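Dear colleague,

I am handing over the structure below, and would be glad if you could look through it with the notes that follow.

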Amino acid sequence: MLTIGNYVKAKTLEEAYELNQARSSRVMGGMMWMRLGNAKVKTVIDLSGLGLDQIEESDNVIKIGAMCTLRQLEQCEALRELYGDGIAESVRHIVGVQFRNQATVGGSIYGRFGFSDVLTAFLALDTFVELYDGGTIRLSEFVKRKPDKDILLSVIVRKSRRKFRYESIRQTKTDFPVIACSVVTGMVHGKETWYFSVGARPMKAELLEKQWEIPDNASEEVIADYARQAAAEFTYGTNMRGSAGYRQHLAEVLIRREMASILAEGR
Ligand SMILES: Cc1cc2nc3c(=O)[nH]c(=O)nc-3n(C[C@H](O)[C@H](O)[C@H](O)COP(=O)(O)OP(=O)(O)OC[C@H]3O[C@@H](n4cnc5c(N)ncnc54)[C@H](O)[C@@H]3O)c2cc1C
């Protein structure tokens with residue numbers, strides 16, 4: 001059971017950060033995950049009064065406040081315009097609408113959960129996280145860090161003309177994914193670059209980058225071969241949802257489908 005001594009609705013970010021430095025303090029997002037835990041929390045810090053619940057679009061970036069809900073992501077027109085249905089697809093299977101109306105982007109990314117669809121999706125894009133103390137760093141770097149006492153303020157996606165696809169496999173609807181894959185491609189420094197992010201392996205998502213020039217009319221065999229190569233570069237584990245071999249096979253299939261879908265649309 002989770003027990004909480006004090007609840008503080010922070011008035012400033014500075015206050016939230018200072019309070020969070022105590023070992024037994026915790027920042028709260030939507031509390032959907034935290035409330036299932038067994039911790040004794042002395043002070044829980046609510047960020048909901050700090051204006052972090054907006055998705056802001058500028059010429060170069062889309063900035064998603066940490067207190068935005070997964071439902072806001074799902075319904076965000078700016079993300080849909082840039083990356084099609086991919087972002088909505090990445091959260092669509094997470095429990096249900098009422099749940100997604102409460103779970104936050106900050107809690108999802110900060111948690112760095114192995115099963116995270118949200119992390120898998122954003123990792124393949126040109127994404128940064130803004131931290132109160134740690135500044136703005138690449139999500140790929142943040143993922144590798146151990147959780148500390150910093151506060152995640154926003155997730156920032158740099159706008160680009162990249163193509164994005166997301167797919168996951170679940171044994172039953174609303175369960176955690178057995179595997180989650182996103183594929184992104186675009187021109188980076190004049191070179192065609194492919195990004196692959198595979199999560200729920202069951203370890204947390206990792207990113208693979210390849211400079212592959214693949215023609216739009218590549219045959220199914222050629223695409224399958226690239227997908228096999230990409231999937232083979234990740235490591236996989238076994239748990240109650242599937243074996244390592246099964247996960248690698250699924251990753252290969254999903255990556256192949258996503259690559260084929262991007263190539264069929266043309267770049
Ligand atoms: C039953 C269930 C099923 C789920 N299924 C899926 C799934 O299939 N796919 C998927 O991707 N996710 C899934 N999730 C995870 C969910 O989507 C959220 O990622 C999770 O609930 C955390 O978000 P939250 O807002 O509830 O965070 P909380 O539970 O409030 O917090 C989680 C952690 O993050 C910290 N935290 C929160 N916000 C911040 C911040 N701004 N800065 C620093 N630290 C912060 C908290 O202190 C805590 O340690 C599931 C969760 C549950 C409970």
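To begin with the first helix, the buried residues of H1 pack against S2 and S3. Please keep in mind throughout that this is a predicted model. The residues in question are Ala16, Tyr17 and Asn20, which are the buried residues of helix H1, spanning residues 13-20. Viewed down the axis of H1, these buried residues fall within an arc of 95°, and therefore they line one face of the helix.

Turning to the aromatic side chains, a search of the whole structure gives 11 aromatic pairs. One of them is formed by Trp33 and Phe113, whose ring centres are 4.8 Å apart and whose planes meet at 55°, so that the pair counts as tilted. Trp33 lies in the loop between strand S2 (25-28) and strand S3 (40-46), while Phe113 lies in the loop between helix H6 (105-111) and helix H7 (117-124), so this pair ties together parts that are 80 residues apart in sequence. The two partners fall into separate accessibility classes: Trp33, at 46% relative accessibility, is partly exposed, whereas Phe113, with a relative accessible area of 19%, is buried, because the cut-off for a buried residue is under 20%. The pair also belongs to a wider grouping, in that Trp33, Phe113, Phe115 and Phe176 form one aromatic cluster.

Arg112 deserves a look in the same context, as its charged end sits over the ring of Tyr110, at 5.0 Å from the ring centre. Arg112 also lies over the face of Phe142, where the distance to the ring centre is 3.8 Å.

The charged pairs come next. Side chains of opposite charge can pair when their charged atoms come close, and the count for this model comes to 20 salt bridges. Three of these may be worth inspecting individually, beginning with a pair inside a helix and going on to two that join separate elements.

Within helix H4 (residues 86-92), Arg92 and Glu89 are 3 residues apart, which means that about one helical turn separates them. Their side chains meet in a salt bridge with an N to O distance of 2.9 Å. Both ends are partly exposed, Arg92 having a relative accessible area of 46% and Glu89 one of 21%.

Asp117 and Arg170 form a salt bridge in which the closest N and O atoms are 2.6 Å apart. This pair links distant parts of the chain, since Asp117 belongs to helix H7 and Arg170 to the loop between strand S9 (163-169) and strand S10 (179-188), 53 residues apart. Asp117 and Arg170 are both buried.

In the salt bridge between Arg257 and Glu167, the closest N and O atoms are 3.7 Å apart. Arg257 lies in helix H10 (residues 244-265) and Glu167 in strand S9, so the pair ties together parts that are 90 residues apart in sequence. Arg257 is partly exposed, with a relative accessible area of 42%, and Glu167 is likewise partly exposed, with a value of 25%.

Finally, there is a network to examine, in which salt bridges that share partners join Asp126, Arg138, Arg158 and Arg162.

With best regards

Methods:
Residues are numbered from 1 along each chain as its sequence is written. This is a predicted model: local features need pLDDT of at least 70, side-chain atom pairs count only at pLDDT 80 or more; totals for chains, interfaces and linings use all residues. Side-chain values use heavy atoms; hydrogens and water are left out. Rings of Phe, Tyr and Trp (its six-membered ring) pair if their centres lie within 6.5 Å; planes under 30 degrees apart count as stacked, over 60 as edge-to-face and the rest as tilted. Helices (H or I, at least four residues) and strands (E, at least two) are DSSP runs, numbered from the N terminus. Buried means under 20% relative accessible area, exposed over 50%, partly exposed in between (1.4 Å probe, protein chains only). A charge sits over a ring if NZ of Lys or CZ of Arg is within 6 Å of the ring centre and within 35 degrees of the ring normal. The arc is that of the directions from the helix axis to the C-beta atoms. Contact means heavy atoms within 4.5 Å. A salt bridge is a side-chain nitrogen of Lys or Arg within 4 Å of a carboxyl oxygen of Asp or Glu.
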